[in-house]
Amino acid sequence: QVRLVESGGGSVQAGGSLRLSCAASGYTYRPGCMYWFRQVPGKERERVASINTIGTTNGTTNYADSVKGRFTISQDNTGNTLSLQMNSLKVEDTAIYYCAGSNSRYRCAYDYWGQGTQVTVSS
């Protein structure tokens, strides 16, 4: 029932920006937590950013050290759209980016996943 679809990926030069979006459908509630992950073939997936709205109005966000200060995660109040603004992109940011969400309004987990969108940063 729940489907997550990423969009906004593409190829950019180092120093450029991209904004990724994750459209969520099928939810009858706002997920407690949503996430952005990325993965390079042959490497383990890395959690890039998360947003937790269980105990807050606007959400509590966390970022991997590698993207802190450059990436910003945000979510509309209904939880229908998750975004990742990526600035000052580096070659090492190249990866497939996935969004994930929990199946509960009150828990955090990686229950649902999108198919991913490719981000390629060239020098």
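Begin by selecting Cys22, a residue that is buried in this predicted model, because its relative accessible area is 1% and a residue counts as buried when that value is under 20%. Now add Cys99 to the selection, which also counts as buried, its relative accessibility being 0%.

With both residues displayed, look at their sulfur atoms, which lie 2.1 Å apart and form a disulfide. A disulfide is a covalent bond between the sulfur atoms of two cysteines. If you follow the torsion about the S-S bond of Cys22 and Cys99, you will find a value of about 55°, so this disulfide is right-handed. Next, colour the two strands that carry these cysteines: Cys22 lies in strand 3, residues 18-25, and Cys99 lies in strand 9, residues 95-101, so the pair ties together parts that are 77 residues apart in sequence.

Where should you go for another disulfide? Select Cys33 and Cys108, whose sulfur atoms are 1.8 Å apart and which form a disulfide as well. This pair also links distant parts of the chain, since Cys33 sits in strand 4, residues 33-39, while Cys108 sits in the loop between strand 9 and strand 10 (112-113), 75 residues away.

Are the two ends of this pair, Cys33 and Cys108, buried or partly exposed? Cys33 is buried, with a relative accessible area of 3%, whereas Cys108 counts as partly exposed at 36% relative accessibility.

Keep the four cysteines on display, for the structure holds 2 disulfides, and when the bonded cysteines are counted along the chain, the disulfides follow the pattern 1-3, 2-4.

Now switch to a cartoon view of the whole protein chain, where you will find 11 strands and 0 helices. The radius of gyration of the protein chain is 14 Å, close to the 14 Å that the globule rule gives for 123 residues, so the chain is as compact as a globular protein of that length. Reduce the display to the C-alpha trace and turn it along its principal axes, where it spans about 45 × 25 × 25 Å.

Show contacts next: among those with a separation of 6 or more, 56% are between residues 24 or more positions apart.

Finish with a surface view, in which the accessible surface of the protein chain comes to about 6,600 Å², with 44% of it belonging to carbon and sulfur atoms. Of the 123 residues, 39% count as buried. If you then colour by charge, you will see 12 positive and 8 negative side chains, and the centres of these two sets lie 5 Å apart.

Conventions:
Residues are numbered from 1 along each chain as its sequence is written. This is a predicted model: local features need pLDDT of at least 70, side-chain atom pairs count only at pLDDT 80 or more; totals for chains, interfaces and linings use all residues. Side-chain values use heavy atoms; hydrogens and water are left out. A disulfide is a pair of cysteine sulfur atoms within 2.5 Å. Helices (H or I, at least four residues) and strands (E, at least two) are DSSP runs, numbered from the N terminus. Buried means under 20% relative accessible area, exposed over 50%, partly exposed in between (1.4 Å probe, protein chains only). The radius of gyration is taken over C-alpha atoms; the globule rule is 2.2 Å times the number of residues to the power 0.38. Contact means heavy atoms within 4.5 Å. Accessible areas come from the Shrake-Rupley method with a 1.4 Å probe; for residues, only the protein chains shown count as cover. Lys and Arg count as positive and Asp and Glu as negative; His and the chain ends are not counted. The place of a charge is taken as NZ of Lys, CZ of Arg, CG of Asp or CD of Glu.
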